[in-house]
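Please look through the sequence and the 3D structure shown here, and keep both in view while you read the explanation that comes after them.

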Amino acid sequence: MTAQPQRPAFGSLLASHMGVASYRDGRWSESEIRPTGTIELSPAAHVLHYASTCFEGFKAFRRGDGGVHVFRMDRHIARMRQSARALVLPEPDPVQLADLVRGVIERCREAVPEAPGALYLRPILFGTTANIGAAATPSVEASLLVLASPVWDYFAGGMKPLRILIDDKHTRSAAQMGVVKTGGNYAAAMGPTLAARAQFQADQVLFCPGGEVQETGAANFLLLREGQLVTRSLDSTFLHGVTRDSLITLARDQGFDVSERIFTVAEMLDWVKTGEAALSGTAAVLAGVGTLIHRGTEYRVGSGDVGPLTRTLRAQLVAIQQGDAPDRHGWLEKI
Ligand SMILES: Cc1ncc(COP(=O)(O)O)c(C=O)c1O
């Protein structure tokens with residue numbers, strides 16, 4: 001076997017160019033594509049004090065013929081606008097943001113890795129008004145950046161079954177903020193996630209406040225079993241993943257009984273005696289869970305390996321993204 005080339009960790013390598021626009025005096029500036037580099041920010045910038053920031057993450061894929069296709073950009077832009085509204089930040093203009101993303105991809109075309117890699121696109125919006133007395137005053141100025149990063153595996157080891165710690169005490173975020181993709185939610189999940197890694201060698205924490213399953217720090221959560229898919233019904237407590245929606249659609253297409261509903265830790269532990277569990281997200285795609293850890297006890301999920309339904313659904317989604325299967329739902333745009 002030939003040795004695999006050493007690949008940079010997910011997100012650690014930035015592409016050569018970024019997109020930039022700013023909001024001032026009630027309107028967005030012209031867009032600009034410029035070399036990726038440092039930005040200047042007042043130390044009094046709203047974001048540094050009051051965390052007025054949101055972001056997105058999605059991927060563009062290189063095909064065998066060299067064409068580059070971006071996956072469900074419209075959904076991600078809509079979600080970013082919704083996050084901006086929730087944080088009382090100026091909403092990005094959807095046409096301008098889509099053009100910025102296209103401009104970055106065009107400029108960084110050479111940096112889009114071959115499959116199974118992808119170019120990860122990361123728009124970020126943050127409040128820049130300089131005022132350290134603005135806890136109850138929104139930022140009227142903002143910056144919008146679009147970064148790009150060539151990526152490979154999110155979870156080092158690829159299809160290794162994950163170890164997930166069930167936390168039925170803490171919430172990942174305030175109940176109305178789970179649906180918002182904002183930095184503060186990730187900052188809040190950091191402590192529990194690091195503690196779970198140190199104590200249980202867990203890859204992620206699955207937040208289940210009050211015993212109801214929500215999501216992990218950076219992915220949605222699905223249960224699978226012959227012809228059945230169960231995942232939490234949409235509400236404000238968790239992020240409405242585009243991957244979750246895509247996988248549900250693919251499962252429905254092939255006749256799965258898809259159930260979007262509240263389910264409990266007890267039901268999940270029973271389910272995984274024979275069924276499968278997986279995390280879904282742009283970065284994770286669909287990553288199989290091998291072990292759930294609850295109150296100090298380890299529960300094997302199915303055989304303890306990544307399950308066959310997880311592998312199949314993941315492969316089906318990846319095949320569409322990479323152009324190896326037809327794009328029946330119009331999810332891809334050629335750049
Ligand atoms: C907290 C959280 N939940 C779910 C997801 C999955 O969302 P998506 O499938 O749109 O990437 C992500 C990743 O963006 C996330 O950070």
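The paragraphs below begin at the ligand and then turn to some individual residues of the protein.

It should be said at the outset that this is a predicted model, and the values given here are to be read with that in mind. Around the ligand there are 18 residues, and the closest of them are Tyr-186, Glu-215, Val-242, Thr-243 and Thr-282. When the residues of this shell are sorted by character, 5 are nonpolar, 9 are polar and 4 are charged.

Which atoms of the protein lie beside oxygen atoms of the ligand? Lys-181 places a polar side-chain atom 2.8 Å from an oxygen atom of the ligand, and Thr-243 likewise has a polar side-chain atom at 2.6 Å from a ligand oxygen. In the case of Val-242 the atom in question belongs to the backbone, being an N or O atom that lies 2.7 Å from an oxygen atom of the ligand. Taken alone, the ligand would expose 390 Å², and of that area the protein buries 96%. The elements that each contribute two or more residues to the shell are helix H2 (73–86), strand E11 (215–216), helix H5 (242–253) and strand E15 (276–281).

From the ligand we can move to Asn-185, a residue that is found in helix H4, which covers residues 183–200. Is Asn-185 buried or exposed? Its relative accessible area is 5%, and Asn-185 therefore counts as buried, since the cut-off for that word is under 20%. If the neighbours within four places in sequence are left aside, Asn-185 is in contact with Arg-172, Ser-173, Met-177, Gly-178 and Val-180.

Further along the chain, Ala-202 has its place in the loop between H4 and strand E10 (204–207). Although Ala-202 sits in a loop, this residue is buried, because its relative accessible area is 2%. Not counting residues up to four places away in sequence, Ala-202 touches Arg-163, Leu-165, Ala-196, Arg-197 and Ile-293. Ala-202 also shows how the fold can bring together parts of the sequence, for its C-alpha atom is separated by 7.6 Å from that of Leu-162, although the two residues are 40 residues apart along the chain.

Finally, we can consider two cysteines. Cys-108 counts as buried because its relative accessibility is 3%, and Cys-208 is buried as well, with a relative accessible area of 0%. How many disulfides does the model contain? When pairs of cysteine sulfur atoms within 2.5 Å are sought, the count comes to 0 disulfides.

Conventions. Residues numbered from 1 in each chain as written. Predicted model: local features only at pLDDT ≥ 70, side-chain atom pairs only at ≥ 80, totals over all residues. Heavy atoms only, no water. Near = heavy atom within 4 Å. Polar contact = N/O pair within 3.5 Å; in protein donor to acceptor, adjacent residues only side chain to side chain. Areas by Shrake-Rupley, 256 points an atom, 1.4 Å probe, with all protein chains shown as cover. Helix = DSSP H or I, 4+ residues; strand = E, 2+ residues; numbered from the N terminus. Nonpolar A, V, L, I, M, F, W, Y, C, P; charged D, E, K, R; others polar. Buried < 20%, exposed > 50% of the residue type's maximum accessible area, 1.4 Å probe, protein only. Contact = heavy atoms within 4.5 Å.
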